[in-house]
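This report describes the fold and the metal site of one protein chain. The sequence and the model are shown first, and the description follows.

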Amino acid sequence: MKKLFLAASIASLMLSACGTHDETDEPNKQQVAEKKEQHKVTRKDGVTYVDGHLLVNKKVSLPSDYAPGENAEARKQLDRMIQESRQDDVNLVFRSGFRSYETQQQLYRSYVSRDGEAAADKYSAKPGHSEHQSGLAFDVGSVDASDDFKTSFVKTPEGQWVKDHAHKYGFIIRYPEGKEAITGYQYEPWHLRYVGKELAQTIHNEETTLEEYFEVGQ
Ligand SMILES: [Zn+2]
């Protein structure tokens, strides 16, 4: 039997060796195919993950009963970031974190009654669509709060510092400037999403969004 296997192996080796002339382009084609398939979308208990990273956006929602609370690792990194920002004389502060489905529902309703649905949708998420419900998103601000929750936050020392350093702590600016059509949200220089250092570094370098990186629509 062993001899038979050996003979078969040699035969297949010869076959592949014979084929090399014609197949020089094949590995490249295969690599391209693999690259396209590299992002794996999975769903568990109604929550969507891409390559293991939770995804929530205008189209992808979280179940109403999904309430994990604040992610401990994300909060630890946020606190470390805020603490280390002090070394650069930056007064970064925590403004908000985990928000339940019910809280988002109340918020969204109040925004709609104040500004109308179309306007509210540009800056607020419908219940089940807020990244704050994941426990992985945080809003930061400055001690004096003058530019908190405004695009002008990026012009403050705190906003600039976050833009330059957040990725080192595993955070991305989730709704960047110029990506409104992709994320569905206006620029929010204060809204940070924890994705871990590796992905945060990549997204920072490529100046991209989760939607573009994962090749998923919002
Ligand atoms: Zn936010």
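Which residue of S3 does Val50 stand opposite? Val50 stands opposite His53. The model in which this pair is found is predicted.

**Overall composition**

The protein chain holds nine helices and seven strands. Of its 218 residues, 41% count as buried. Among contacts between residues at least 6 apart in sequence, 65% join residues at least 24 apart.

**The three-stranded sheet**

Val50 and His53 belong to the pairing of strand S2 (residues 47-50) with S3, where three bridges join antiparallel strands. The open sheet that contains this pairing has three strands in the order S1-S2-S3, with antiparallel pairing. Strand S1 (41-44) and strand S3 (53-55) each have a single partner strand and stand at the edges, so one side of each is left without a neighbour in the sheet. From one strand to the next, the twist averages 40°.

**The four-stranded sheet**

Another open sheet has four strands in the order S4-S5-S7-S6, and its pairing is antiparallel. At its edges stand strand S4 (92-96) and strand S6 (171-173); each has a single partner strand, so one side of each is left without a neighbour in the sheet. The twist here averages 40° from one strand to the next.

S4 and S5 run antiparallel and are joined by four bridges. Phe94 has Val140 of S5 as its bridge partner, and Val93 stands opposite Gly141 in S5. On the other pairing of S5, three bridges link this strand to S7 in the antiparallel sense, and Asp139 stands opposite His191 in S7.

| Residue | Residue opposite or bridge partner | Strand of the second residue |
|---|---|---|
| Val50 | His53 | S3 |
| Val93 | Gly141 | S5 |
| Phe94 | Val140 | S5 |
| Asp139 | His191 | S7 |

S5 is mostly covered, with six of its six residues buried. Ala137, Asp139 and Gly141 point one way from the strand, while Phe138, Val140 and Ser142 point the other way. In a regular strand the side chains alternate between the two faces of the sheet.

**The zinc site**

Which residues coordinate the zinc ion? The ion is coordinated by His132 (NE2), Asp139 (OD) and His191 (ND1), at 2.1 Å. Along the chain these donors follow the spacing H-x6-D-x51-H. His132 lies in the loop between helix H5 (117-123) and strand S5 (137-142), and His191 lies in strand S7 (residues 191-194), so the pair ties together parts that are 59 residues apart in sequence. Both His132 and His191 are buried. Asp139, which stands opposite His191 in S7, is likewise buried.

**Helix H6 and the nonpolar cores**

Where do the buried residues of helix H6 lie around its axis? In H6 (residues 157-165), Glu158, Gly159, Trp161, Val162 and His165 are buried. Seen down the axis of H6, these residues fall within an arc of 160°, so they line one face of the helix. What covers them includes helix H3 (72-85) together with S4, S5, S6 and S7.

The largest nonpolar core has 22 residues, of which Leu78, Met81, Leu92, Val140, Phe171 and Leu192 touch the most other members. At least two residues of this core come from each of H3, S5, H6 and S7. H3 supplies the largest share, four residues. Apart from this core lies another, of ten residues, among them Val195, Ala200, Ile203 and Leu210. In soluble globular proteins, nonpolar side chains tend to be buried together.

Leu192 shows which parts of the chain meet in the larger set. Leaving aside neighbours within four places in sequence, Leu192 is in contact with residues including Leu78, Met81, Ala137, Phe138, Val140, Val162, Phe171, Ile172 and Ile173.

**Lys168**

Is Lys168 buried or partly exposed? Its relative accessibility is 42%, between the limits of 20% for buried and 50% for exposed, so Lys168 counts as partly exposed. The residue is placed in the loop between H6 and S6. Beyond its neighbours within four places in sequence, Lys168 is in contact with Arg80 and Lys197. The C-alpha atoms of Lys168 and Gln201 are separated by 6.9 Å, and the two residues are 33 residues apart along the chain.

Notes
Residues numbered from 1 in each chain as written. Predicted model: local features only at pLDDT ≥ 70, side-chain atom pairs only at ≥ 80, totals over all residues. Heavy atoms only, no water. Donors = N, O, S within 2.8 Å, 3.2 Å for Na, K, Ca; no water. Buried < 20%, exposed > 50% of the residue type's maximum accessible area, 1.4 Å probe, protein only. Pairing = 2+ DSSP bridges. Axes fitted to C-alpha atoms, helices over the stretch in contact; angles between N-to-C directions. Arc of directions from axis to C-beta. Contact = heavy atoms within 4.5 Å. Core = buried A, V, L, I, M, F, W, Y, C linked by side-chain atoms within 4.5 Å.
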